[in-house]
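Q: Could you take a close look at one helix of this model, and then place that helix among the pockets and salt bridges around it? I would like a careful, connected account.

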Amino acid sequence: MTKRNKIIYWVATLWLALGMTATGIVQLMQSKDETLRMSHLGYPIYLLTLLAVWKILGVIAVLIPKFPLLKEWAYAGFFFAMSGAIFSHFAAGDSAKDFFGPALLIILTAISWYFRPAERKLVNV
């Protein structure tokens with residue numbers, strides 16, 4: 001792995017981890033704004049806790065060494081959660097600013113996944 005690829009991986013991964021952790025904490029706190037947003041999108045409030053826990057566990061899985069299968073699941077979970085958020089905002093008729101956060105996180109997920117080091121990848125058998 002080249003030095004450039006390592007830098008790209010770690011910058012994307014750390015920004016991804018920061019974004020997922022921050023949104024996970026906000027969802028776990030269930031602030032008034034966050035509960036209103038979930039209601040606006042048509043989801044039950046208890047989904048906030050579930051998403052928050054999954055995001056935080058996913059961040060841990062992506063950052064710790066080893067466990068490549070667990071990392072694949074975490075990346076997939078991030079992709080599904082953020083693509084679901086984008087679709088939900090689209091279906092609710094929200095403005096472009098509501099797409100920015102999930103779109104950025106889905107891009108960071110893809111970059112982090114693509115540039116991850118060999119020891120963080122599943123080995124083809």
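A: What follows looks closely at helix α2 and then moves outward to the pockets and the salt bridges. The model is a predicted one, and the description should be read with that in mind.

Helix α2 spans residues 32–41, and its buried residues are E34, T35, M38 and L41. These four cover an arc of only 125° around the helix axis, which means that they lie on the same side of α2. The spacing of such positions along a helix fits a general rule: an α-helix has 3.6 residues a turn, so residues three or four places apart point the same way. On the face of α2 turned away from the buried side sit the exposed residues K32 and D33, whereas the buried residues pack against α1, α3 and α4. Just after the helix, G42 takes a positive phi of about 90°.

One member of the buried set, E34, also takes part in a salt bridge, its side chain meeting that of R37 with an N to O distance of 2.8 Å. The two residues are 3 apart in helix α2, and therefore about one helical turn separates them. The partners differ in their surroundings, because E34 has a relative accessible area of 11% and is buried, while R37, with a relative accessible area of 37%, is partly exposed.

This bridge can be set beside the others, since the structure holds 3 salt bridges. In another of them, the side chains of E72 and R116 meet at 2.7 Å, N to O. That pair links distant parts of the chain, with E72 in helix α4 and R116 in the segment after α5, 44 residues apart. R116 has a relative accessibility of 8% and therefore counts as buried. A further bridge joins K97 to D98, whose closest N and O atoms are 3.5 Å apart. Here K97 counts as exposed at 65% relative accessibility, and D98 counts as partly exposed at 21%, a value just outside the buried class because buried means under 20%.

Helix α2 also has a part in the largest pocket, which has a volume of about 600 Å³. Of the 23 residues that line this pocket, Q27, K55, A85, H89 and P102 are the closest to its centre. The lining draws at least two residues from each of α1 (3–29), α2 (32–41), α3 (46–63), α4 (68–91) and α5 (97–115), and the largest share, 6 residues, comes from α4. By residue type, the lining of the largest pocket divides into 11 nonpolar, 7 polar and 5 charged residues.

The second largest pocket, with a volume of about 270 Å³, is lined by 14 residues, and those nearest its centre are W54, G58, W73, A74 and G77. Helices α3 and α4 each supply at least two residues of this lining, and α4 gives the largest share of it, 8 residues. The lining of the second largest pocket divides into 11 nonpolar residues, 2 polar and 1 charged.

Taken together, α2 carries its buried residues on the same side, where they pack against α1, α3 and α4, and α2 also supplies at least two residues to the lining of the largest pocket.

Definitions and conventions: Residues numbered from 1 in each chain as written. Predicted model: local features only at pLDDT ≥ 70, side-chain atom pairs only at ≥ 80, totals over all residues. Heavy atoms only, no water. 1 Å grid on protein atoms, 1.4 Å probe; cavity = no way out; pocket = protein on both sides within 12 Å on 5 of 7 lines; lining within 4 Å. Points joined across faces, edges and corners; volume = space filled by probe spheres on them. Nonpolar A, V, L, I, M, F, W, Y, C, P; charged D, E, K, R; others polar. Buried < 20%, exposed > 50% of the residue type's maximum accessible area, 1.4 Å probe, protein only. Arc of directions from axis to C-beta. Contact = heavy atoms within 4.5 Å. Salt bridge = Lys/Arg side-chain N within 4 Å of Asp/Glu carboxyl O.
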